[in-house]
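This report examines selected helices, buried side chains, charged pairs and a surface patch. The sequence and structure are shown first, and the account follows.

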Amino acid sequence: MISAALLGIAALAFYGAAEGFSIASLRKNSDALARGTTILLVSGLLCHFAALQVRARKLHSVPYRDLSDSMSFFAWMIAVTYVFLFFRHRERSTGPFLIPLVILFQVISLLTRPATLPARKELSGSLFAFHVTTAILGYAALSLSFILALLYLVQNRQLRQRRTGLLFSRLPALDVLDRMEHTAVAVGVAALAVSLTLGMVWAQKNWGTVWDAKLGATLLVLVVYAVALFSSPLGLKGKKTAFVSIFGFSLVLFSYTIVNLFVSKGHVFR
């Protein structure tokens with residue numbers, strides 16, 4: 001059987017090639033290069049999924065427990081969410097800016113040593129697996145919404161300064177970027193809400209309490225993104241919504257790093 005590491009390297013190669021094709025497609029506005037990007041990206045997704053399957057069978061659980069596995073799973077979820085956004089909005093010019101996230105986290109995964117011991121019994125059930133899977137999906141979608149918010153601000157700045165160069169002509173219109181960002185935020189909020197609910201059920205069953213610092217951090221993240229998602233009736237839209245999304249992503253980073261590593265007692269990768 002091919003090792004998870006080799007499959008992960010093959011996936012990274014496909015992602016790298018997809019990034020190259022997407023940049024060339026952006027420069028030349030070529031349909032053939034755009035189709036090549038999609039084929040390479042889907043090939044990377046399949047290789048990556050096979051790598052995750054090999055790790056899952058070895059650990060007898062969803063691969064998430066250490067930095068290597070969680071980064072690999074996170075990279076795959078970002079790729080899945082990007083493919084969903086691509087087919088949902090039929091917009092290919094954001095690929096050069098979103099695919100690098102997949103490459104970055106896959107590289108981090110391959111450079112760190114994975115765990116060899118199976119997960120503890122209480123961390124192996126389907127309830128916990130769905131909790132972790134939906135949480136990582138939520139963070140992946142919100143990461144993409146952060147990049148899309150930045151692209152919105154860049155495009156808005158070019159428009160205000162009347163810069164009509166290659167980047168301006170290739171990037172989507174502001175309303176398209178706004179819709180893509182909203183879709184990513186909607187996926188992220190829904191996934192995190194499901195994860196939070198499953199996590200509370202699991203915590204009550206195994207810890208005897210639902211409280212953990214991670215719970216408070218996740219609720220705060222959900223509130224901020226809910227404002228971004230339902231802000232139009234409040235008069236917040238466009239540029240202001242993009243800033244709310246960027247602030248929300250800073251809270252995601254705080255929750256994913258500081259809270260996980262130094263505050264929470266139950267959300268440490270080990």
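## L142 in helix 5

L142 is found in helix 5, which comprises residues 126-160; helices here are DSSP runs (H or I, at least four residues) numbered from the N terminus. With a relative accessibility of 0%, L142 counts as buried, a class that means under 20% relative accessible area, whereas exposed means over 50% and partly exposed lies in between (1.4 Å probe, protein chains only). When neighbours within four places in sequence are left aside, L142 is in contact with V185, G188, L192, V221, Y225, F249 and V252, contact being defined as heavy atoms within 4.5 Å. The C-alpha atoms of L142 and R160 are 27 Å apart in space, and the two residues are 18 residues apart in sequence.

## Basis of the model

The model is predicted, and local features need pLDDT of at least 70, side-chain atom pairs count only at pLDDT 80 or more, and totals for chains, interfaces and linings use all residues. Residues are numbered from 1 along each chain as its sequence is written, and side-chain values use heavy atoms, with hydrogens and water left out.

## Y15 in helix 1

Y15 belongs to helix 1, residues 4-28. Its relative accessibility is 0%, so Y15 counts as buried. Leaving aside neighbours within four places in sequence, the contacts of Y15 are L41, G44, L45, H48, W76, A79, I99, V102 and I103. Between the C-alpha atoms of Y15 and L151 the separation is 21 Å, with these positions 136 residues apart along the chain.

## Helices 2 and 3

Helix 2 (residues 31-59) has 29 residues and should span 42 Å at 1.5 Å a residue; its end C-alpha atoms are 42 Å apart, in agreement. The expected span is 1.5 Å times one less than the number of residues in the helix. At the N-terminal end of helix 2, S30 acts as a cap, with a side-chain oxygen 3.3 Å from the backbone nitrogen of A32. Helix 2 is followed by H60, which has a positive phi near 60°.

Helix 3 (residues 67-89) contains 23 residues, for which 33 Å is expected at 1.5 Å a residue; the end C-alpha atoms are 32 Å apart, which agrees. This helix is mostly covered, as 18 of its 23 residues are buried. Just after helix 3, R90 adopts a positive phi of about 55°.

## T81 in helix 3

T81 lies in helix 3 and, at 2% relative accessibility, counts as buried. A polar atom of the T81 side chain lies 2.7 Å from the backbone oxygen of M77. Not counting residues up to four places away in sequence, T81 touches L137, A140, A141 and L144.

## Salt bridges

Side chains of opposite charge can pair when their charged atoms come close. A salt bridge is taken as a side-chain nitrogen of Lys or Arg within 4 Å of a carboxyl oxygen of Asp or Glu, and by this rule there are three. One joins the side chains of D31 and R92, at 2.6 Å from N to O. This pair links distant parts of the chain, with D31 in helix 2 and R92, 61 residues apart from it, in the loop between helix 3 and helix 4 (95-111). D31 is partly exposed at 46% relative accessibility, and R92 is partly exposed at 29%.

D69 and R55 form another salt bridge, their closest N and O atoms being 2.8 Å apart. Because D69 lies in helix 3 and R55 in helix 2, the pair ties together parts that are 14 residues apart in sequence. Both D69 and R55 are buried. The side chains of R179 and D175 also meet in a salt bridge, at 3.4 Å from N to O. R179 and D175 are four residues apart in helix 7 (residues 174-206), so about one helical turn separates them. Relative accessibility is 44% for R179, which counts as partly exposed, and 43% for D175, which is likewise partly exposed.

## A nonpolar surface patch

F254, I258, L261, F262 and V263 make a nonpolar surface patch of about 510 Å². Patches consist of residues with over 30% relative accessible area and no salt bridge, like charges being joined within 9 Å and nonpolar side chains (Val, Leu, Ile, Met, Phe, Trp, Tyr) within 5 Å. Accessible areas come from the Shrake-Rupley method with a 1.4 Å probe, and for residues only the protein chains shown count as cover. L261 is found in helix 9, residues 239-263, and at 49% relative accessibility counts as partly exposed.

How values were computed: Helix = DSSP H or I, 4+ residues; strand = E, 2+ residues; numbered from the N terminus. Polar contact = N/O pair within 3.5 Å; in protein donor to acceptor, adjacent residues only side chain to side chain.
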